[in-house]
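Q: Please take a close look at the pairing of charged side chains in this model. I should then like the account to go on to the packing of helices.

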Amino acid sequence: MVETHEWVSTWWGYKEKIGTEAVQGKYFFSKPIFIFWTEAVACSVIGHGEWAIRLPMALLAIFAAFMIYLTLSRIWTRQVGLLGAVVVATSPEYFMISRQAQTDMPFVSTLVLALCGFMLAVFGPRNAESDEPARRKRLKWTLGLALAFVALNTIPQFAIIATDLADEVPANLTGLGAALATLQTTGALHVAIYGVVLAGVLGSFGWSLRRDLREHGASEWVLDRWTRRAWLTFFYVMVAQSTYAKGLLGFALPGLIVLFWLVWSVNWRVLKRVDLVRGVVL
């Protein structure tokens, strides 16, 4: 990626022919893109080397352990949060994959982050402020950070797809086949579709927020509801991250965990509060 500036269609080995070998590398699609993006960014910033290749895995591991501490501290106590973070960070498997340049830590860390977001949205303590100005300020900060987080996870991808997905359409295609091939190989069209979908999701959230503020004002109920929705947004975005870190397990495993909890607790009413449709689209 760093050498060819092609960040969409991954390539294993040298792109150009070297020496007398007939084949120098080939397209590589057996692993999702997340790990390669993180490593390529690190190499671009600090240069090639083992440090750059392993650094993203270590940072993801640290972030996930910290999120465990934050989640357990808010739901229970700081002592529980500290114990949970220490147990995870010192687990041999977790410690090992945090040092390996493989897809395991990108998958595990994003999965942990997603489920922590879900826990804070469903089980977190009530979010309240004593006076209305404080509630409005906290609501603005919460929603602003949520929007910034979504932008941070989408705009870079849009830029990569728009600039790096520009494959040639086979000359022998005509009519509908050529149109479909053009759609498939033109990054700008992909980004246009994704942008419209994202704008629709954000617009739907904005409409809901405006309705709540009109009917209830900046009440404690509104603050609590939209703080939980911000954590749900975090959950859905990290499930997406987990999916392009490992593949289908990225959403299948957290979905199975949540489903098992719903069956065990017989608490199906939660589905009305987790923005399932908008979250899946996001």
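A: A salt bridge is taken here as a side-chain nitrogen of Lys or Arg lying within 4 Å of a carboxyl oxygen of Asp or Glu. The structure is a predicted model, and under this rule it holds nine salt bridges. One of them joins D104 to K246, whose closest N and O atoms are 3.5 Å apart. D104 belongs to helix α5 (residues 104–123) and K246 to helix α9 (residues 220–246), so this pair ties together parts that are 142 residues apart in sequence. As for solvent exposure, D104 is partly exposed, with a relative accessible area of 25%. Its partner K246 is likewise partly exposed, at 27%.

Helix α9 takes part in a further pair, in which the side chains of D212 and R225 form a salt bridge with an N to O distance of 3.0 Å. Here D212 comes from helix α8 (residues 187–216) and R225 from helix α9, and the pair links distant parts of the chain, 13 residues apart. The two partners fall into separate exposure classes: D212 is buried, with a relative accessible area of 2%, whereas R225 is partly exposed, with 26%. The pair is also part of a wider arrangement, a network of salt bridges that links R211, D212 and R225.

Within helix α9 itself, the side chains of R228 and D224 meet in a salt bridge, at 2.9 Å from N to O. These residues are four apart in α9, about one turn of the helix. R228 and D224 are both buried.

The account now turns to the packing of helices. Two packed helices are described by the angle between their axes and the distance between the axes. Helix α1 (residues 34–46) packs against α2 at an angle of about 120°, and their axes are 8 Å apart. The two helices are therefore oblique to each other, and their crossing is right-handed. On the α1 side the contact is made by F34, I35, T38, E39, A42, C43 and I46, and on the α2 side by W51, A52, I53, L55, P56, M57 and L60. By class, the residues of this contact are twelve nonpolar, one polar and one charged.

Helix α2 (residues 50–75) also meets helix α3 (residues 78–89): the axes of α2 and α3 come within 7 Å and cross at roughly 155°. That angle makes α2 roughly antiparallel to α3. The crossing of α2 and α3 is right-handed. A65, I68, Y69, L72 and S73 of α2 are in contact with R78, V80, G81, L82, G84, A85 and V88 of α3. The residues of the α2 contact with α3 comprise eight nonpolar, three polar and one charged.

A last detail concerns F95, which is located in helix α4 (residues 92–97). With a relative accessibility of 46%, F95 counts as partly exposed. Its C-alpha atom is separated by 9.2 Å from that of A58, a residue 37 positions away along the chain.

Methods: Residues numbered from 1 in each chain as written. Predicted model: local features only at pLDDT ≥ 70, side-chain atom pairs only at ≥ 80, totals over all residues. Heavy atoms only, no water. Axes fitted to C-alpha atoms, helices over the stretch in contact; angles between N-to-C directions. Parallel < 35°, antiparallel > 145°, perpendicular 65-115°, else oblique. Left-handed = near helix turned anticlockwise from the far one by under 90°. Contact = heavy atoms within 4.5 Å. Nonpolar A, V, L, I, M, F, W, Y, C, P; charged D, E, K, R; others polar. Buried < 20%, exposed > 50% of the residue type's maximum accessible area, 1.4 Å probe, protein only.
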